[in-house]
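Q: I am a first-year student, and I would like to look closely at one part of this structure. Please start with one pair of strands and then show me what surrounds it.
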Amino acid sequence: MTTVLRRSLMAFATALALVAIAVVPGMASATFSAPVDLSAPLRDANRPQVAVGADGATTITWARYNGDNTIIQARTRPAGSGDFGGVVDLSENGQDAVNPQVAVGADGATTITWARGGIIQARTRPAEGGAFGDLVNLSASGQNAVDPQVAVGADGATTITWTRGGGSNNIIVQARTRPAGQTNFGVVVPLSSSGYGDQAFTPQVAVGPD
């Protein structure tokens, strides 16, 4: 091995060592904060879901038994804040609400959906913040709708899909969309075939950048 080649290899090895020294401390400093209790104690809470807005605001939702029924709750940590706000009850008492899902649009509007008494419901907090809006029933009553999923496009258009059973001996997937800039969801759209005996389960939804 020539002297020039040996010196080149030594210089390359030294450069690698310096890169490793520069990177490792940065990685080691990325630690999680201490746990934060979001739901109240003494009652079971489960199925947490989380969504983060473009500005860093974070909303977490879950289902919690309140002594009578399981209800959907949420808390939000505003952008730039270190603390979560108070607990917000989203669903009504009287029937169990389950399987919460949450999505945040690019403008910060936050939609949470769930199933309660066989109906898919949702509430939305506007882009400008404040309280969640009125509760909306998305699926028809008496059809045993379950497993809601929600996605929001870059323009704010929001689509919620779910599985609906009962009434005609089949199980189908349905969806409703709230167009960009609108406050109301459109009509229910059946996505899977609805022939006798057809079975469709476990829908998922995603929205492209357009």
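How many bridges join β9 to strand β10, and in which sense do the two strands run?

A: Happy to help! Keep in mind that this is a predicted model. Your two strands, β9 and β10 (residues 158-165), are joined by 6 bridges and run antiparallel. If you want one spot to find on the screen, look for A145, which stands opposite R164 in β10.

Now let's widen the view. The pair belongs to an open sheet of 4 strands, in the order β9-β10-β11-β12, with antiparallel pairing. At the edges of this sheet are β9 (145-152) and β12 (189-190), each of which pairs on one side only.

A good residue to follow next is F185, in the loop between β11 and β12. Is F185 buried or exposed? F185 counts as buried because its relative accessible area is 11%, and the cut-off for buried is under 20%. Its neighbours lead us back to your strands. Leaving aside residues up to four places away in sequence, F185 touches L138, T158, I160, R176, T177 and R178. Two of these, T158 and I160, fall within the residue range of β10. Another residue of β10 to look at is T159: 26 residues separate T159 from F185 along the chain, yet their C-alpha atoms are 8.5 Å apart.

There is a second sheet to meet. It is also open, with 4 strands in the order β5-β6-β7-β8 and antiparallel pairing. Here the edge strands are β5 (97-104) and β8, and each pairs on one side only.

Inside that second sheet, β7 deserves a slow look. Strand β6 (residues 110-116) and β7 pair in the antiparallel sense over 7 bridges, and R116 stands opposite I119 in β7. The hairpin of β6 and β7 has 2 residues between the strands, and G117 there takes a positive phi near 60°. With strand β8 (residues 136-137), β7 also pairs in the antiparallel sense, this time over 2 bridges. One place to see that pairing is A122, which stands opposite V136 in β8.

How covered is β7 (residues 119-125)? 7 of its 7 residues are buried. That holds for both faces of the strand: I119, Q121, R123 and R125 are buried on one side, and I120, A122 and T124 are buried on the other.

The same strand takes us to the empty spaces. Rolling a probe the size of a water molecule over the atoms shows where such space is left. The largest pocket holds about 420 Å³ of space. Its lining has 25 residues, with A109, T124, R178, Q182 and T183 lying nearest the centre. The elements that give two or more residues to this lining are β7 and β11 (171-178). The largest share, 3 residues, comes from β7. By class, the lining has 9 nonpolar, 9 polar and 7 charged residues. You may recognise R178 from earlier: F185 touches R178, and R178 is one of the residues nearest the centre of the largest pocket.

The second largest pocket has a volume of about 210 Å³. It is lined by 18 residues, and the closest to its centre are D55, A57, G108, R125 and A127. In this lining, 8 residues are nonpolar, 7 are polar and 3 are charged. Look for R125 here, as R125 is also one of the buried residues of β7.

Finally, step back to the whole chain. Its secondary structure comes to 1 helix and 12 strands, and the helix stands at the start of the pattern when you read along the sequence. Of the 210 residues, 36% are buried. Among contacts between residues at least 6 apart in sequence, 37% join residues at least 24 apart. The chain exposes about 12100 Å², and carbon and sulfur atoms supply 56% of that area.

Technical notes: Residues are numbered from 1 along each chain as its sequence is written. This is a predicted model: local features need pLDDT of at least 70, side-chain atom pairs count only at pLDDT 80 or more; totals for chains, interfaces and linings use all residues. Side-chain values use heavy atoms; hydrogens and water are left out. Buried means under 20% relative accessible area, exposed over 50%, partly exposed in between (1.4 Å probe, protein chains only). Two strands pair if DSSP finds at least two bridges between them. On a 1 Å grid over the protein atoms alone, a cavity is a set of points where a 1.4 Å probe fits but cannot get out, and a pocket is an open set with protein on both sides within 12 Å along at least five of seven lines; lining residues have an atom within 4 Å of a point. Grid points are joined across faces, edges and corners, and a volume is the space filled by probe spheres set on the points. Ala, Val, Leu, Ile, Met, Phe, Trp, Tyr, Cys and Pro count as nonpolar, Asp, Glu, Lys and Arg as charged, and the others, Gly among them, as polar. Contact means heavy atoms within 4.5 Å. Accessible areas come from the Shrake-Rupley method with a 1.4 Å probe; for residues, only the protein chains shown count as cover.
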